Amino acid sequence: IRVWRPAVKFSRAYLAGTSLYVAEPEKGLEQLVGGEIQPVPGGDRFQKGDLRGAFLWGGRLMAASNAGLFQQQQGQFVPFPTAAAALIHESRLYCVLPLSADRLAVGTANHGLLLIASDGRLERILGKEDGLPADWVTSLFSDRLGGLWITTSSGIAHWKPWLTRFSEKQGLHGGVISLGRQAGTLYAGTETGLFVLAGKGGGEPSGFQPVPGLVGQTLVLLP
């Protein structure tokens with residue numbers, strides 16, 4: 001057994017690909033290279049000890065801190081351009097996990113789970129209203145079947161990214177009685193009327209909108 005001892009302490013350790021990274025207060029991000037702990041170029045940006053993750057995403061080394069997401073470019077860590085930058089900062093980033101080359105899961109202390117696309121778009125927000133035990137996400141783990149385990153300050157949730165829940169929050173009102181698809185568009189008949197599935201954007205999944213003029217029970221939908 002070999003032991004590496006820091007000047008003061010190691011705060012966290014991260015495995016990015018096959019490389020081991022550690023965070024050390026007053027030094028920042030470091031890497032185990034050839035059996036020795038070496039500073040990562042640009043890693044001194046995180047010497048305040050606020051690092052929350054180091055990972056590979058889309059072929060680049062990324063880092064996450066309380067200040068947001070960063071990518072390494074030419075020996076420096078620069079902010080990752082994302083439309084969710086302000087929300088991530090406000091939400092207090094707590095943990096991160098790449099789900100694929102195109103999607104990143106960001107756990108926060110105030111706003112649940114954020115899903116970020118590789119082009120910086122905010123794809124979705126999952127919070128307590130969507131079934132999480134709490135809005136404080138403490139860690140993330142992806143299982144071999146593609147499911148995401150989400151630990152929170154009040155319990156654990158298992159989320160399947162390929163499933164979407166539609167309720168009143170997504171504009172669907174009343175008990176659903178019938179479903180139908182016409183010209184590639186999905187319609188839902190409920191106790192209160194007819195609704196059509198349409199995109200929302202802004203971090204929200206697709207939602208339903210009422211079809212004007214159709215009010216009351218919609219019992220059958222035929223193509």
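The legends below accompany views of a predicted model of the protein.

**View 1. Overall fold and extent of the chain.** The predicted model contains 1 helix and 19 strands. Its radius of gyration is 22 Å, well over the 17 Å that the globule rule gives for 223 residues, so the protein is more spread out than a compact globule. Along the principal axes, the C-alpha trace spans about 70 × 35 × 30 Å.

**View 2. Burial, contacts and surface.** Among the 223 residues of the protein, 39% count as buried, and the accessible surface comes to about 12,400 Å², with 53% of that area belonging to carbon and sulfur atoms. Of the contacts with a separation of 6 or more, 38% are made by residues 24 or more positions apart.

**View 3. Placement of the charges.** The protein carries 20 positive and 17 negative charges, and the mean positions of these two sets are 3 Å apart.

**View 4. The hairpin of strands S17 and S18.** Strand S17, residues 185–190, runs antiparallel to strand S18, residues 193–198, and 3 bridges join the two. Together S17 and S18 form a hairpin, with 2 residues between them. Within this pairing, Ala188 stands opposite Phe195 of S18.

**View 5. Strand S18 against strand S19.** Besides its pairing with S17, strand S18 is joined by 5 bridges to strand S19, residues 207–215, and these two strands also run antiparallel. In this part of the model, Leu197 has Phe208 of S19 as its bridge partner. Strand S18 is thus shown with both S17 and S19 as antiparallel partners.

How values were computed: Residues numbered from 1 in each chain as written. Predicted model: local features only at pLDDT ≥ 70, side-chain atom pairs only at ≥ 80, totals over all residues. Heavy atoms only, no water. Helix = DSSP H or I, 4+ residues; strand = E, 2+ residues; numbered from the N terminus. Rg over C-alpha atoms; globule rule 2.2 N^0.38 Å. Buried < 20%, exposed > 50% of the residue type's maximum accessible area, 1.4 Å probe, protein only. Contact = heavy atoms within 4.5 Å. Areas by Shrake-Rupley, 256 points an atom, 1.4 Å probe, with all protein chains shown as cover. Lys, Arg positive; Asp, Glu negative; His and termini not counted. Charge placed at Lys NZ, Arg CZ, Asp CG, Glu CD. Pairing = 2+ DSSP bridges.
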